[in-house]
Amino acid sequence: MKLPGVALALFVATAGTSCTSPAAAFSPSSLGRTRTSAVGLEGSVSSSSSSAFLRSAAANSAIFRGRQRQQQQAARSRGSKRPRGRSATFPGQSSGGLSAAGLTRLRASIEEDIEIVDTSATASPATTISNDVSAAATSAASSDVDAPALSRADARKSAASYLSQYDGQSSAAIIYSKLVDNGVTVVNGYSGGAVLPLLDQFHGEHPRHGEEGKKIRWITNSNESSAGHIAEGFAKSAPALSPTDGKMQAGVVVATSGPGVTNLITPITDAMCDGVPMVVLCGQAATFAPEAAFQSCPAVDLTRPITKWSYQIRNAAEVPFVMDYAFYVARHGRPGPVFIDLPKDLQNQIVTPDLVEEFTASLADVAADGQDQMMMMSQSSKTATHEAPFVSLSTHVRSDGRGHHAIHLGSPHEGLSFDVATASDGTGTTSLQPVYSSSSTELYELDIHPTNVIHETKIETDGTTTTRTGALDGHGSEVMTEMIDLIKQARKPVIIAGQGCNDAPDELRKFAEALQIPVTTTLHAMGVFDERHPLALNMLGMHGHATPNFMVQECDLLLNIGSRFDDRITGALGSFLPEARRAAVEGRGGIIHVDIRKSEHAKQVEPNFFVHSTGLDFLRAVNAELGLDDPDGSAKVKPSTATRSWLKYKTELEKEYPVPVPEYRPHTVTVTGDDGIEREEEHTKMSAQYVIKKLNEVILAAGRMDDCFFSTGVGIHQMVAAQHITWTKPRQMLSSGSLGTMGVCLGYTIGSKLANPQAICIGIDGDGSFNMTFTELKTVAEQGIPIKMLILDNESQMMVEYWQRLFHAERYLAVRNINPDYTTLADSFRIKNIYCDHAEDLESKLEDFLFEDPDQPVLFHCRIERTPCMPMVAPGKALDDMIHRDERFDVDPSAAPS
């Protein structure tokens, strides 16, 4: 997120009001957040009298006429693309009336009448929340008090000075630089005419690279969809950018317009559903192209519902902000994908002094009620097409009453505020620092910036409820104390560790060990609690282990840390957590839910305590209260004995309800040896469960489990892998959870290897999933990516076939496959391959597959029988109502799973 050049400090004081400079800096490796109070704009241009004046001026403006109106309407139908005309390429200008420069002149006469009002009862002190603020940022914060106040004119001059550092650079060049600044080392994608200006930046002989050489590895994939899945796999498994940052790296995809965009819809949706940070950059037809131009499509409209943010650039001057905002939104809050649409002519547009002058002059205020002034202007014309400018000014007030304007990025209702400043360490590094209102009630902001606040809902004896809040830090917080006391008194507690715990394995282990609480994990959190630990319950849910399903239903206190109560882990909601709900009424237990998104509060399950925080911050705070945070490990906390009977019950359940492994009796077959002589051998058929169990045993015996990452497709093989592999570290399991996307395995495996070149990256795929994307073997061979692909081939989509058996009277349709010879397929790509169809040869061939050729890709084709995955929660039933054996029984046909 480094911004080269001089400082851009957009702090705009009102009449008679001084203002501060940035409190801290944001960069890919350092982040601080400054708390400010929300403000109103009494008498501002958003007031009724001023708004009326502006609307009147806009209505009488003669700028928007004839040919330009036709271009604007055509642009809207192409996905809000802007015509190339001078007065339409700048994000600050309303297409429906007064120009940006005209608005600036119009506002000059009333600007000094704006009064900033602190709407909060008491202003919060300017505070940095993050633990990883740099020393330079801290030094900058100490000098804020003496910083001079800036008028709006001064702020716009500062913005112009900042943007002048890009003078002579194209949008494409700026985008590449921003990828480097945000820590990107590899980009996957596919070529196309509409994205050529950006694509050219990646060429090793491009003049920009000079003697240093290119800093980003470009990989051409077989199609855009696979490129997206590889980017997901990279992001899912890559280490954090720095130990202090802790945030996931974003995968990056570059593709062309039209089909390039539509081919990415599935991986973008997959990333959105599973919380995977991804930045997708796609070309678009030029802004002056006619409607329905070649390979054009409404890309922003298509991707808006499936991304955290989707946007089409409007000129080169805003591109530095667009790129920094894209990475910030993708990586903060619950991670997810963002989409940037890049009209081809704007990729080539050069930053010039005239462009910068018009852009900075257009910076307008986002009013206190979220209505942009220029938005209101455009409403005066029924034919105007307008989107609020991406870059604007948001008004804030500091604790001492001094007001300033920060940079607002995004739409009025779904955007964030930032300060931009130069670090005081003498390097001249410029960086963004997020700013938010301590009294904000906007869910968009609260879903990205957790507040570390506990929300308690107390159930009274008469059935009524009372609510209150408290700070998570525990300093004098009664709510925190009550929550800790509830945890300590529980006799049958269970922790559900979700994806939100993946950056806190040590903190989770300390907490669980101190209070002797068993831990179950969701699909995306497997390994965050080492399954070799005696407190490990393994995965819960529809195809989870029986023991955690039983214990969750019988627990008196459930701590859900970083999971969103997905339907695959709750079963029938009406029957979920009966004992915990009863314990809550009786004051001896209940439900504690920790989530980074405020919008998850009581979305599925009403908790007694909702903690709006990250899993890491929650566990650190609770451990500190328990005395477990001694950095040198000298603290001696005696493990709790309150759960001794509960843990004994766990052991009994595990013995009574093991995960079944279908096995077969050997049979005699006649084989012809290499010498041409026939002989009889004993062969034993294999199930998916048997193969994965043996794979697990071989890796554990070699002491290599911690060196492995596993990816899966979707189906029986996916759930069998989840059940039978011993998960030992966070983000070890890469799989499509919420969307359930078949065909992701090969892409995920490639991505994990690109992110972790020293690891053993194993893909476990079914034939149905593998058939969808095996063209990506081209990338494996071309790039020499040494992954290990295990194909479990039963010529079937077995999971769906089993449902057809249960719910559709064995009328099988669209579930049987006629497969290629996978070893011959691998041969065609010159990839080493192995085949096995009986248990007697499996172990030796697994060792060959895994360890004999660590520096080259290997494909292992295993022929298996059709077996369902057990246990399985009966559809529409409670979490503990499971099918444990493959046998006949009555089912409700209307309850078939999706």
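**Exercise 1. Charges over rings**

Task: In this predicted model, determine which ring lies beneath the charged end of Lys729, and at what distance from its centre.

Solution. The charged end of Lys729 sits over the ring of Phe709, at 4.1 Å from the ring centre. A further case involves an arginine: the charged end of Arg816 is placed over the ring of Tyr812, 5.6 Å from its centre. Each assignment requires the charged atom to be within 6 Å of the ring centre and within 35 degrees of the ring normal.

**Exercise 2. The chain as a whole**

Task: State how many helices and strands the chain has, and what share of its residues counts as buried.

Solution. Step one is the secondary structure: the chain has 31 helices and 33 strands. Step two is burial: 60% of the 898 residues count as buried. Step three is the accessible surface, which comes to about 34000 Å², with 49% of it belonging to carbon and sulfur atoms. Step four concerns contacts with a separation of 6 or more, of which 75% are accounted for by residues 24 or more positions apart.

**Exercise 3. Aromatic pairs**

Task: Classify the ring pairs Tyr176 with Phe202 and Trp309 with Tyr325 by the angle of their planes.

Solution. The chain holds 16 aromatic pairs. For Tyr176 and Phe202, the ring centres are 5.1 Å apart and the planes stand at 70 degrees; the pair is therefore edge-to-face, since the cut-off for that class is over 60 degrees. Tyr176 belongs to helix H6, whereas Phe202 lies in the loop between helix H7 and strand E6, so that the pair links parts of the chain 26 residues apart. Both Tyr176 and Phe202 are buried.

For Trp309 and Tyr325, the centres are 4.7 Å apart and the planes are at 90 degrees, so this pair is edge-to-face as well. Trp309 is in strand E9 and Tyr325 in helix H12, with their positions 16 residues apart in sequence. The relative accessible area of Trp309 is 9%, so Trp309 is buried; that of Tyr325 is 0%, so Tyr325 is buried. Ring pairs also join Trp309 and Tyr325 to Tyr311, Tyr328, Phe390 and Phe418 in a cluster.

**Exercise 4. Nonpolar cores**

Task: Identify which residues touch the most other members of the largest nonpolar core, and which helix gives the most to this core.

Solution. The largest nonpolar core has 56 residues, and Leu179, Leu281 and Trp309 touch the most other members. Helix H12 gives the most to this core, with 10 residues. Beyond its neighbours within four places in sequence, Leu179 is in contact with residues including Val184, Val187, Phe202, Leu281 and Phe327. There is also a second, separate core of 49 residues, with Met539, Met542, Ala722 and Met733 among them.

**Exercise 5. Helix H6**

Task: Decide whether H6 is mostly covered or mostly uncovered.

Solution. The count settles the matter: 8 of the 11 residues of H6 are buried, and the helix is mostly covered. The buried set comprises Ser171, Ala172, Ala173, Ile174, Ile175, Tyr176, Lys178 and Leu179. Just after H6, Gly183 adopts a positive phi of about 80 degrees.

**Exercise 6. Cysteines**

Task: Establish how many disulfides the chain has, and which cysteine sulfur is nearest to that of Cys761.

Solution. The number of disulfides is 0. For Cys761, the nearest cysteine sulfur is that of Cys708, 8.4 Å away; a disulfide requires sulfur atoms within 2.5 Å, so Cys761 is in none. The surroundings are then compared with the burial cut-off of under 20%. Cys761 has 1% relative accessibility and counts as buried, whereas Cys273, at 22%, counts as partly exposed.

**Exercise 7. Two buried helix residues**

Task: Determine where Met480 and Thr547 are placed, and what surrounds Thr547.

Solution. Met480 is in helix H17, residues 478–489. Its relative accessible area is 0%, so Met480 is buried. Met480 and Val611 are 131 residues apart in sequence, yet 9.8 Å apart in space from C-alpha to C-alpha.

Thr547 is in helix H19, residues 546–554. At 3% relative accessibility, Thr547 counts as buried. With neighbours within four places in sequence left aside, Thr547 is in contact with Leu537, Lys650, Leu653 and Glu654.

Methods. Residues are numbered from 1 along each chain as its sequence is written. This is a predicted model: local features need pLDDT of at least 70, side-chain atom pairs count only at pLDDT 80 or more; totals for chains, interfaces and linings use all residues. Side-chain values use heavy atoms; hydrogens and water are left out. Helices (H or I, at least four residues) and strands (E, at least two) are DSSP runs, numbered from the N terminus. Buried means under 20% relative accessible area, exposed over 50%, partly exposed in between (1.4 Å probe, protein chains only). Contact means heavy atoms within 4.5 Å. Accessible areas come from the Shrake-Rupley method with a 1.4 Å probe; for residues, only the protein chains shown count as cover. Rings of Phe, Tyr and Trp (its six-membered ring) pair if their centres lie within 6.5 Å; planes under 30 degrees apart count as stacked, over 60 as edge-to-face and the rest as tilted. A nonpolar core is a set of buried Ala, Val, Leu, Ile, Met, Phe, Trp, Tyr and Cys residues joined through side-chain atoms within 4.5 Å.
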